[in-house]
Amino acid sequence: MRFYNVQKVLSDQFSVTNLQILNISKLFYKAMLQGLNDEFGSLKMLPSYMNKPTRQEKGEYLTIDFGGTNLRIEVMELLGNGAYKIGKSLSIPLDNRKSGSNFTSERSTATDLFGFIACQIRELAEPHKKYFLGHTFSFPTKQTGPNSATLLKWTKELKTSGVEGQDINVLLSEALKANGIHNVFPKVIINDTVGTLLTAAYKSPHANIGSICGTGHNTCYFEPSPPTSNTPMIINIESGNFNKLQFNKYDDLLDRKSEKPGEQRLEKMVGGKYLGELVRLIVLDFVDNGILLCKCNKKLQKEIITSCSITSKDVAEIQSDNTFQLEIINYFINSRFHYSDSLLEDRKILKITADLIIKRAAKLIASTYLGILDKIDPNLKSKQIISLDGSLYGNIPLFQKYIRKSLDDALGEKSGSVIVELIKDGSGVGAAIAAAMFKYL
Ligand code: GLC
């Protein structure tokens with residue numbers, strides 16, 4: 001009985017109906033137009049100064065992928081028509097518990113962060129070889145050209161001091177110089193969504209939408225005629241900031257506790273950085289109200305759950321536990337909440353919570369894709385490829401399924417024209433393609 005009541009309460013708060021999907025897609029479409037016309041709204045619609053590639057781009061490039069979790073440097077060889085080879089590469093966490101350094105905290109400065117990036121480049125680049133560099137910097141930036149990008153604000157809870165308001169390419173170039181690196185030439189800065197779209201468009205002319213469903217969430221698309229410029233280009237929507245949505249009490253709680261309350265409201269409902277935290281807030285509430293893990297010392301249990309953290313990987317594991325007695329969830333409750341008396345009902349509640357959160361994320365994201373499709377090809381006259389990268393999309397099969405189903409339900413028989421494609425290495429390959437497009441500039 002308890003399970004069915006909880007299921008009802010939760011689905012009232014987390015379900016998204018087909019009608020809501022259509023409404024959200026319309027509001028998203030409207031917000032896109034507002035952003036494009038420089039009117040007030042939640043979508044920034046940032047110009048990237050990138051057209052689509054010719055697919056003939058070739059050669060070896062150095063790439064930086066800076067997304068907030070890891071720093072990845074790669075040597076990338078483009079072979080043309082969608083083909084590429086990854087050469088030497090390295091990947092280091094920005095918050096490194098082992099070495100005790102955290103370049104994402106406010107105690108770290110722009111000089112520390114870009115000095116660190118320059119040192120990693122020195123590790124990889126051969127000293128006597130000349131490199132053109134493509135930089136994927138996955139945050140909202142105001143670009144005035146392909147190689148000048150001012151950070152508007154940190155997202156995804158990053159706090160490094162002195163970077164907001166600065167031109168990222170200037171910070172990088174100064175750090176390269178200060179570290180005596182004179183053979184690396186930064187050519188372009190792109191968003192990771194743009195990298196994903198460039199990578200897909202390197203293979204197919206039908207790729208017009210690039211999206212990231214990972215720690216953060218954002219989408220870009222190819223705009224043939226931006227109203228404020230007469231050059232066709234990819235537009236970084238910064239869709240994570242979309243806010244015409246219905247928030248429940250957990251969304252509001254999470255938002256209030258976040259680094260930037262009121263901002264990135266869609267991202268806080270769909271981004272991998274936040275899904276686990278939503279689950280934790282629900283569990284805490286349920287324990288407090290005697291709905292979950294009842295056989296315990298409530299105070300102690302609350303303390304444990306308050307201080308633990310839950311990741312999106314945990315949420316995915318909880319959701320996909322198909323064992324008869326939900327043993328994986330039992331183990332999770334045991335190890336994370338130090339609670340060994342969980343009943344099957346407790347585990348079922350956790351599973352349905354994870355599922356509802358993942359399903360809601362997929363449906364909200366699909367709604368935004370529908371809004372974009374309405375903008376670029378309302379009658380779906382041509383094939384449209386939505387290229388997607390990121391850990392949520394790549395690692396959670398049900399998330400993929402829910403996105404597809406939402407598109408199918410909304411588009412009916414036209415749905416066959418819309419291909420959703422998983423792109424691997426989008427940030428690295430995209431940065432190399434962008435560098436190739438602008439290497440002589
Ligand atoms: C955040 C950033 C955005 C990025 C996305 C995915 O939403 O603001 O620029 O594309 O995360 O990494």
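This is a short dialogue about the ligand in a predicted model.

User: Which residues are closest to the ligand?

Analyst: A residue counts as near if one of its heavy atoms lies within 4 Å of the molecule. Here 15 residues surround the ligand, and the closest are Thr-155, Lys-156, Asp-192, Glu-238 and Glu-267. Residues are numbered from 1 along each chain as its sequence is written. In this predicted model, local features need pLDDT of at least 70, side-chain atom pairs count only at pLDDT 80 or more, totals for chains, interfaces and linings use all residues, and side-chain values use heavy atoms, without hydrogens and water.

User: Where does the ligand lie relative to domain 1 and domain 2?

Analyst: Domain bounds come from an automatic or database domain assignment. Both domain 1 (1-48 + 192-424) and domain 2 (59-190) give residues to the shell, so the ligand lies between them.

User: What is 2.5 Å from an oxygen atom of the ligand?

Analyst: A polar contact with a ligand is a pair of N or O atoms within 3.5 Å. That 2.5 Å partner is an N or O atom in the side chain of Glu-238. For Asn-191, a side-chain N or O atom is 2.8 Å from a ligand oxygen, while a polar backbone atom of Phe-139 is 3.4 Å from one.

How values were computed:
Polar contact = N/O pair within 3.5 Å; in protein donor to acceptor, adjacent residues only side chain to side chain.
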